[in-house]
Amino acid sequence: MVEGKLIAKSKAQEREQKLAAIRRKRRIQILIMTAGLFALIFGAIGIYRSNLLDVEKIEVTGNKSVATADIIKTCGINEHTNLLSISSSDIRKKILKNAWIESVNVKRVFPHTLRLEIRERSPIASISCGGKFYLIDGDMFVLSEQQYDDTRDIPTITDLPIDKIKVGEHLINSSLSNALRCLKSMDTDFRRTISLLSASSIDKLSIYNKDNVEILYGDAKHADEKNEVLKTILKEQGQQVIFIDIRSYPKTDPILRRMDTVP
């Protein structure tokens, strides 16, 4: 009986010693982890406050219409800015205030480079409204205001039922949407021959090419078919054709008027 109690007491002491050893090991592990965490924090603070990661170079790619210097100036980043302190969302918000820029990807390239990948909007036409001209892209987004129509490679759209245009906003107008649908359906070479569109309504959409041929176009619903027929007519008739009414195509054939039929 006495011997049994001694054995049980010995086992209990052995368990306590093992538990104490486990507790000591756990406390040591916690101390090591805490020390490591503090080392990381103080190390990060030290790097953040040092010039080890200061911006030395800003790379801007993808921009054509907006000058690189203007984009960098907009960022507000200088050679004393630490890469870790840069807020990508803040830079993105500042740059996207420029109506020409559709999107920007901000990348940190350690240790000293900030990279800005720009995607710009492209003008597809100039709108004449209220004595001013406005460049717009294919999504009816207004890019800029101009006092004069100095665009040579893109057509001008006139007679739109629009009272007010604001740079940096999308326009909502069915006549304009129809005119742009007509333009966007054309291949690049054909579109470059168009100089003017009169778009007071969908049914009254008229286009004029650089040879001053007047084309009553109407609804752009069948734009692909209309464009192919127009290209064929213009190629076959040359400069003899001065007027084409293709509004009802493909229900009815286009109506032509040639220069040699004018009395």
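1. Serine 198 stands opposite serine 206 in β9, and this pair is a convenient place to start reading the model, which is a predicted one. The two strands concerned, β8 and β9 (residues 206-209), pair in the antiparallel sense over four bridges. On the other hand, β8 (residues 194-198) also pairs with strand β7 (residues 156-158), here in the parallel sense and over three bridges. Within that parallel pairing, isoleucine 157 has leucine 197 of β8 as its bridge partner.

2. For the chain as a whole, the count is six helices and 12 strands. The C-alpha trace spans about 135 × 50 × 35 Å along its principal axes. A compact globule of 263 residues would have a radius of gyration near 18 Å, whereas this chain has 35 Å. Buried residues make up 36% of the 263 residues, and, among contacts with a separation of 6 or more, 49% are between residues 24 or more positions apart.

3. An open sheet of three strands deserves attention next, with the order β1-β3-β2 and mixed pairing. Because β1 (57-61) and β2 (101-109) stand at the edges, each with a single partner strand, one side of each is left without a neighbour in the sheet. Neighbouring strands of this sheet are turned by 20 degrees against each other on average, if direction is ignored. Between β2 and β3 (residues 113-120) the pairing is antiparallel and runs over eight bridges, and within it arginine 108 stands opposite leucine 114 of β3.

4. Two helices lie across strands of this sheet. Helix α2 (residues 68-75) lies across β1, β2 and β3, and runs at about 125 degrees to β1. Helix α3 (residues 88-95) lies across β2 and β3, and runs at about 150 degrees to β2.

5. Which residues are linked with Glu59 in a network of salt bridges? The network joins Lys57, Glu59 and Arg115. In the contact between glutamate 59 and lysine 57, the closest N and O atoms are 3.3 Å apart, while in the salt bridge between glutamate 59 and arginine 115 they are 2.9 Å apart. The latter pair links distant parts of the chain, since glutamate 59 is in strand β1 and arginine 115 is in strand β3, 56 residues apart. Each member of the network is partly exposed: glutamate 59 has a relative accessible area of 23%, lysine 57 has 45%, and arginine 115 has 25%.

6. The structure holds 12 salt bridges, and another of them is formed by the side chains of aspartate 245 and arginine 247, at 2.7 Å from N to O. Here the two partners differ in their surroundings, for aspartate 245 counts as buried at 13% relative accessibility, whereas arginine 247 counts as partly exposed at 40%.

7. Aspartate 54 is a residue that a reader may wish to look at with care. Aspartate 54 lies in the loop between α1 (2-49) and β1. Side chains of opposite charge can pair when their charged atoms come close. Aspartate 54, however, is buried yet has no salt bridge, and the nearest side chain of opposite charge, that of arginine 108, is 12 Å away. Leaving aside neighbours within four places in sequence, aspartate 54 is in contact with Glu79, His80, Thr81, Asn82, Pro111 and His112.

8. The backbone also has some points to check. Most residues other than glycine have a negative phi, and most peptide bonds are trans. A cis peptide bond nevertheless joins phenylalanine 110 and proline 111, with omega about 15 degrees, and proline 111 is found in the loop between β2 and β3. Another cis peptide bond joins tyrosine 249 and proline 250, with omega about 15 degrees, and proline 250 lies in the loop between β11 (241-245) and β12 (255-258).

9. Positive phi values are the last topic of this note. Aspartate 159 is not a glycine, yet has a positive phi of about 65 degrees; this residue lies in the loop between β7 and α4 (174-185) and, at 47% relative accessibility, counts as partly exposed. Asparagine 212 likewise has a positive phi of about 65 degrees without being a glycine, and is placed in the loop between β9 and β10 (214-216). Is asparagine 212 buried or exposed? At 64% relative accessibility, asparagine 212 counts as exposed, because the cut-off for that class is over 50%.

Conventions: Residues numbered from 1 in each chain as written. Predicted model: local features only at pLDDT ≥ 70, side-chain atom pairs only at ≥ 80, totals over all residues. Heavy atoms only, no water. Pairing = 2+ DSSP bridges. Axes fitted to C-alpha atoms, helices over the stretch in contact; angles between N-to-C directions. Contact = heavy atoms within 4.5 Å. Buried < 20%, exposed > 50% of the residue type's maximum accessible area, 1.4 Å probe, protein only. Lys, Arg positive; Asp, Glu negative; His and termini not counted. Salt bridge = Lys/Arg side-chain N within 4 Å of Asp/Glu carboxyl O. Rg over C-alpha atoms; globule rule 2.2 N^0.38 Å.
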